[in-house]
Amino acid sequence: KVAIKGIERELICPACKELFTHPLILPCQHNVCHKCVKEILFAFEDSFADGGSESSNQSSPRIRVSASSMDRIDRINRSGIKRNSLTPRSTLFPCPSCQRDIDLGERGINGLFRNFTLETIVERYRQAARAAIAIMCDFCKPPPQESTKSCMDCSASYCNECFKIHHPWGTVKAQHEYVGPTTNFRPKILMCPEHEMERVNMYCEICRRPVCHLCKLGGGHANHRVTTMSTAYKTLKEKLSKDIEYLISKESQVKAHITQLDLLLKETECNSERAKQEASQSFEKLYHVLEEKKYAALRAIETSKNIRLEKLQTQVEEYQGLLENNGLVGYAQEVLKETDPSCFVQTAKQLHVRIQKATESLKSFRPAAETTFEDFVLDTAKQEDILGDLSFHSNGLEIPEINEDQSRMYNKALISWECPGKTDSADIYVLEYHKLDKEEETVTWQKTEVRGKNKVLSDLDDDSSYAFRVRGYKGSICSPWSREVIMRTPPAPVFSFLFDDKCGYNNEHLQLNPRRTSVESRAGFPLLLGSERLQVGCYTTLDYIIGDTGIAKGKHFWAFNVEAYSYLVKVGVVPSNKIQKLFHNTHDVTSPRYEQDSGHDSGSEDAFFDSSQPCTLVTLGMKKFFIPATPAAPKDPASRILPLPSCLGICLDCDRGRVGFYDAGRMKCLYECEVDCSGLMYPAFALMGGAAVHLEESVTATYREYHDDI
């Protein structure tokens with residue numbers, strides 16, 4: 001006879017940590033109480049309305065939604081799942097056992113089977129654990145008498161007198177099935193949850209659940225491979241019986257492993273104490289400098305010890321469950337007592353998988369944790385100037401380096417790093433950053449943990465410089481800090497727009513990409529035909545294109561890239577009241593008749609040329625940036641020619657009436673001038689010959705270190 005008390009671990013709900021009450025079988029084959037499923041779904045759905053706030057996690061004192069579950073809720077919120085769609089929706093359920101988000105389908109909780117076999121085993125356990133507690137009659141007048149039998153058809157318990165009254169001889173009720181006193185009333189026939197009037201008579205091998213003939217004919221299992229219930233019952237029972245016999249035959253081996261694990265537990269205790277003593281001695285030598293670090297080191301050792309002890313203890317409990325009349329084996333033996341094929345099949349498949357895993361682990365036994373603490377030896381030979389970062393030996397953990405080429409400062413900050421050896425030796429990285437402020441006497445670093453090799457930050461101030469550094473962690477071992485990298489945020493909030501493909505757009509000379517984020521001038525056959533019609537000495541005109549969104553007030557910044565092969569590009573801003581003039585400007589030509597320099601330095605040509613322009617533009621081309629000739633500009637033309645930055649930015653301040661042109665990589669202003677902001681201001685671009693301009697893409701969630709699989 002199986003010792004019921006030895007299988008208690010198998011009968012505990014992973015959500016409420018109590019014995020199962022009306023357990024439901026999830027699609028992942030794990031069991032959860034019916035009430036717990038409802039409460040978890042309530043907390044899970046409520047988080048979408050509250051944005052995953054902590055208050056939504058307090059809906060029930062019976063369950064606790066773990067931090068990992070809340071992280072998954074936040075990721076689902078960010079993924080943009082629409083809860084009010086008119087199309088059929090599915091219900092996501094965070095399984096507390098496997099920590100995965102399970103799709104319950106359109107029917108949600110109503111599409112789940114009750115695990116009647118597990119319910120029966122739990123009832124046996126309750127009776128064995130509380131044999132002295134009687135089940136009272138449901139129909140006696142107060143005070144109720146102790147029940148002597150329970151009717152499975154009425155789902156009620158009776159004393160002898162009440163049973164005779166409610167089940168009179170010669171009536172239909174007299175034919176009801178009755179058993180000993182119980183609180184577990186299970187249906188005689190397992191019905192399909194999707195087709196409530198149909199009994200399950202087949203087993204879907206794809207979904208691993210019982211189905212009815214309607215599910216196979218036109219339901220969700222129409223194209224799935226199914227087998228008869230009797231065949232599935234026989235096959236699973238044979239496999240389960242054979243695996244249980246194997247585990248029972250290896251009982252001596254299991255006991256030997258448990259003995260070995262007990263020795264490892266003691267050895268881990270001794271080695272951890274020895275490691276703590278050595279760490280304490282090392283800290284005593286440098287007490288005045290290392291006092292604040294001492295507790296952190298001891299805590300790291302203690303944490304590592306506890307984790308190892310927990311793993312080893314869990315392994316001991318798992319192997320104890322492989323003994324006869326205990327844990328998993330005992331639970332499996334109880335399941336074998338099930339005679340109803342439908343109920344047995346829905347329980348046996350998941351149990352068989354667990355038995356197989358236990359069999360595999362038995363064949364390849366390995367302790368779950370190391371017993372040595374060699375990584376927790378302190379190095380006290382280092383100089384005092386690096387004691388602030390003293391930690392356990394990094395054991396070859398590489399120092400990460402921030403990649404300034406891949407890092408970006410735009411609407412958000414994207415900080416990327418890599419290891420010199422191109423190996424991901426760290427489990428987690430810690431990125432720290434702080435704003436450079438001369439007025440602050442002390443530096444306060446802000447910290448964030450990252451599992452990848454990049455991080456998007458969105459809480460930085462505009463027009464500010466920040467210092468960044470990163471270090472890697474592997475367990476409790478950490479690398480030294482990387483070299484600090486200083487980056488500057490844009491001078492104003494980022495302004496988003498696309499190229500306008502309607503207003504003045506010349507599709508014969510210019511070509512837009514489908515997303516309207518890149519424009520290229522095509523110096524091809526149409527341009528040659530146009531040049532053939534022009535007068536001698538007049539080469540061609542500029543082709544203009546503007547942004548599709550205007551700016552009325554405030555300060556804004558946008559960035560773009562100009563291809564290195566570009567011959568001539570002009571960039572700047574244009575007011576709405578001068579857009580028509582921009583696209584019909586007869587002076588905007590490259591021709592000897594409009595050459596600015598006539599041979600003397602009076603500056604009258606420049607004054608005439610500037611006053612005739614409808615917009616404020618600067619000239620780029622041939623890998624150069626040309627500062628406009630103004631009274632404040634250097635007299636020497638060579639001093640007004642700068643190398644073309646890889647990324648250019650424009651900052652428009654409508655309130656002050658000024659526009660600035662920036663090296664967007666360093667956020668350094670190259671040129672600034674006044675501008676008339678009397679109307680809506682639009683970004684403006686002009687291209688001639690072979691040239692291309694690409695708008696800078698915003699930093700979005702695609703750069704996150706986490707890639708959701710929802």
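This text leads through the salt bridges of a predicted model and then turns to two of its helical parts.

Side chains of opposite charge can pair when their charged atoms come close. In this model, the count of such salt bridges comes to 21. A few of these pairs show which parts of the chain are brought together.

One of the salt bridges joins Arg225 to Glu205, and the closest N and O atoms of the two are 2.7 Å apart. Arg225 belongs to the loop between helix H5 (213-218) and strand S11 (226-228), while Glu205 belongs to the loop between strand S9 (202-204) and strand S10 (209-211), so the pair ties together parts that are 20 residues apart in sequence. Glu205 is partly exposed, its relative accessible area being 35%.

Another salt bridge links Arg469 and Glu432, with a distance of 2.8 Å from N to O. Here both partners are found in strands: Arg469 lies in strand S18 (residues 465-474) and Glu432 in strand S15 (residues 428-435), so this pair ties together parts that are 37 residues apart in sequence. Are these two residues buried or exposed? Both Arg469 and Glu432 are buried.

Glu672 and Arg658 form a further salt bridge, in which N and O are 3.6 Å apart. This pair also links distant parts of the chain, with Glu672 in strand S33 (residues 668-674) and Arg658 in strand S32 (residues 658-663), 14 residues apart. Glu672 is partly exposed, because its relative accessible area of 37% falls between the limits of 20% for buried and 50% for exposed residues.

Salt bridges may also share partners. In this way Glu273, Lys276, Glu302 and Lys305 are joined into one network.

The region around part of this network carries an annotation. An unreviewed UniProt entry places the feature "coiled-coil region" at residues 258-285. In the model, the span of residues 258-285 is 100% helix and 0% strand, and its end C-alpha atoms lie 41 Å apart.

The next part to consider is helix H10 (residues 341-363). How far should its 23 residues span? At 1.5 Å a residue, the expected span is 33 Å, and the end C-alpha atoms of H10 are 31 Å apart, which agrees. Helix H10 nevertheless contains a kink of about 35°, centred on Ala348. At the start of H10, a side-chain oxygen of Asp340 comes to within 3.1 Å of the backbone nitrogen of Ser342.

Key:
Residues are numbered from 1 along each chain as its sequence is written. This is a predicted model: local features need pLDDT of at least 70, side-chain atom pairs count only at pLDDT 80 or more; totals for chains, interfaces and linings use all residues. Side-chain values use heavy atoms; hydrogens and water are left out. A salt bridge is a side-chain nitrogen of Lys or Arg within 4 Å of a carboxyl oxygen of Asp or Glu. Helices (H or I, at least four residues) and strands (E, at least two) are DSSP runs, numbered from the N terminus. Buried means under 20% relative accessible area, exposed over 50%, partly exposed in between (1.4 Å probe, protein chains only). The expected span of a helix is 1.5 Å times one less than its number of residues. The bend at a residue is the angle between axes fitted to the seven residues ending there and the seven starting there. A polar contact is a pair of N or O atoms within 3.5 Å; within protein, one must be able to donate a hydrogen and the other to accept it, and residues adjacent in sequence count only if both atoms are side-chain atoms. UniProt positions are given in the numbering used here, feature names are shortened, and annotations may be inferred rather than shown by experiment.
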